[in-house]
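Open the model in your viewer, keep the selection panel at hand, and follow along stop by stop.

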Amino acid sequence: MSENDVVSRTFRALVESADRKFARVRDVPAYGRVQNQHYFHKVFKAYMRLWKFQQENRAKLVASGMNRWEIGEIASRIGQLYFGQYMRTSEARFLVEAYVFYEAILSRRYFEGSKGFGKDLGVRFKELRFYARFLLVSFILNRAEMVKILVERFKALVDDSKANFRDTNFKEWRQVVQEIVRFTKVDTAFMNVRPLRYCSTLDSHPESAPYVARFHAKKVLKLQDALLTSYHRNEVKFAEITLDTYRMLQCLEWEPTGSFYQKRPFESKENGTFIDHSGASGVIDLNLAADMTDPTLPPNPRKAILYRPSVTHLIAVMATICEELPLDSIMLVYLSASGKFGRNVSQTEFSGGSQKLSRNRLSSLHEQKSTFPDSGVIEKGESSSGIYDKYLWFGPRGNSGLNNLYPGDIIPFTRRPLFLIVDSDNSHAFKVLHGAERGEPASILLSPLRPAFKNPSNADITENGSQFTFFLTAPLPAFCQLVELSSSDTEADAYTDAENILSTAFSEWEVLLCTSTNLDLAWGQVLSDPFLRRLILRFIFCRSVLFCFCPPEDSEQCLPTCLPSLPNSLSPDSKVVQTAVLRLANHLRVAEHFHFNDS
């Protein structure tokens, strides 16, 4: 047996070993504590060993018939592993390393060497999957220029596949292209001006920083875990991340303050060998990772993103996160879904099975009635059955109670600190949670029952995402969308000044929150957390903007709600809040769309 044959057999054995280990971790849920964390290290080690082996023996492997796409497939698997780790941990360095591997595959054209009629169909599918995965990573990293390049190449590749593999149906891949184009075409005016992530230079306010630093509640909690999910028919999405969960995902991460992805150039030899920057993989530039992962920043909160979950799965994930939550931490739950498809479960048009389910729940609830605390919903005048009367709809068409998420389903998780955001046309159903908590006061933000726009056509959530979520994640772009301002209507300097007006307002409101003598504990205990404090400030802004924009008779439908109430000094009609909205509206020359107090 020749030396080349020995090298080739060793390489194939390493590939098979690494792939077996990869299969064991690929489908591990992206939430909860991973019991066999050491196995992830074994998988990474196996692929790094494989990569190093093929790099050191490249000439012999090529002589033995190794294809360039096989190198790309190894690098793609490593990128997939890193992205999976990012989704489980929310650590930015894993996302960066996935990007570096994928970009290396693209720049060295590992999959392009076998294009045309003679190309293997299986290899073509590998290439299509590579582009889809690289696009997702680029979206999350906000690599706008790379996204444009990838979209064009991906579309061309799908067209080429249809032309050269006529016996194969590429309908699913055409749908993926349509998803990507739709996602990128969502109205994103002004979205590239500043990141959605928390930026210490933009979102920290020097004037109010001393007040925030001195603020001390009886209990101080930090955001540790978040569960993000949305379920709407035909909503804008790519892969298993919808537009709304994408915005929330970005909103709950730190923006690096160092040199943001300043990649140093690398050489590429004719045989595709990587220049070794790291001494380990031959691909990862550790200096690049250091640039993208600012060591001065705290860790990102872990996020579990659920795409179209069943109600039972959603509850199970909440239970897992709640069970593992540290004592000094709080869990954020973001729910975006409609309440329209079904009817109230007490109505007779439901099937008998659903009626039985409802009766069983209500019966169980009445049995537990005596366990409610003195400050519970009974004392507040709410019927105990109210927690199972209305719901969010998590399911396909039909009238199955199994697809309904009731406010009562959330109550068990109020034994631990909970920050709940409900974005729905039935969000007010969750008001009954206030006072029904089983141990900890919940902080609750509820969306308006319907959006408000100068142009009603913008209200379509399937095209633009949710207005409430947009205000919480990008308040100034949401304001511009409300009054139909686009980037072409506003000069860059004017928009920057508008950002400064909003920043000044947030700074003033931070001082009011920190110095208030009647701030509820539910808000006081989370005020020190930068992510949650920013959400509270943006909620105040959203509520006041909509209060001044909508006719008074529509306030019940068009205004968001928070429970417990925030101080009156920050109410939507207070002078300090309306003054800021008026300044912003005057600056952008849209004040005629709002009504303000005479004072």
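Start by selecting helix 6 (residues 121-140) together with helix 7: the two pack at an angle of about 160°, and their axes are 10 Å apart. Because angles over 145 degrees count as roughly antiparallel (under 35 is roughly parallel, 65 to 115 roughly perpendicular, and the rest oblique), helix 6 is roughly antiparallel to helix 7. Helices here are DSSP runs of H or I with at least four residues, strands are runs of E with at least two, and both are numbered from the N terminus. The axes are lines fitted to C-alpha atoms, for helices over the stretch in contact, and angles run from 0 to 180 degrees between N-to-C directions.

A word on what you are viewing: this is a predicted model, in which local features need pLDDT of at least 70 and side-chain atom pairs count only at pLDDT 80 or more, while totals for chains, interfaces and linings use all residues. Residues are numbered from 1 along each chain as its sequence is written, and side-chain values use heavy atoms, with hydrogens and water left out.

Now show side chains for this pair. From helix 6, the contact (heavy atoms within 4.5 Å) includes R124, E127, L128, Y131 and F134; from helix 7, the residues include M146, V147, L150, V151 and R153. The residues of this contact divide into 13 nonpolar, two polar and four charged. For these classes, Ala, Val, Leu, Ile, Met, Phe, Trp, Tyr, Cys and Pro count as nonpolar, Asp, Glu, Lys and Arg as charged, and the others, Gly among them, as polar. The crossing of helix 6 and helix 7 is left-handed, a label used if the near helix is turned anticlockwise from the far one by less than a right angle (right-handed if clockwise).

Keep helix 7 (residues 144-164) and add helix 8 (residues 171-185): their axes come within 10 Å and cross at roughly 155°. That makes helix 7 roughly antiparallel to helix 8. This crossing, too, is left-handed. Select V147, V151, F154, K155, V158 and K162 on helix 7, then W173, R174, V176, V177, I180, V181 and T184 on helix 8, to see the contact. By class, it has nine nonpolar, one polar and three charged residues.

Next, go back along the chain to helix 4 (68-89) and helix 5 (92-108), and pick S90 in the loop between them. What is the sign of phi at S90? Phi is near 65°, a positive value in a residue other than glycine. On either side of that loop, the axes of helix 4 and helix 5 come within 7 Å and cross at roughly 160°, which makes helix 4 roughly antiparallel to helix 5. Their crossing is left-handed. Among the residues that meet are G72, A75, S76 and G79 in helix 4 and F94, L95, A98 and F101 in helix 5. The contact of helix 4 with helix 5 has 11 nonpolar, six polar and three charged residues.

Time for the sheet. Six strands form an open, mixed sheet in the order 4-1-5-8-9-10; its edge strands, each pairing on one side only, are strand 4 (302-307) and strand 10 (561-563). Two strands pair if DSSP finds at least two bridges between them. Zoom in on strand 1 (residues 222-231) and strand 5 (residues 329-337), which pair in the parallel sense over nine bridges. One bridge to highlight joins L223 to I330 in strand 5. Then add helix 21 (residues 530-549), which packs on the sheet and touches strands 1, 5, 8, 9 and 10.

From strand 10, step to the cis peptide bond between L563 and P564, with omega about -5°. P564 lies in the loop between strand 10 and helix 23 (575-587).

Last, color by pLDDT, the predictor's confidence in each residue, from 0 to 100. The protein chain averages 83, and 81% of the residues score at least 70. The value stays under 50 over residues 258-291 and over residues 342-383. Where pLDDT is low, the predicted coordinates should not be read in detail.
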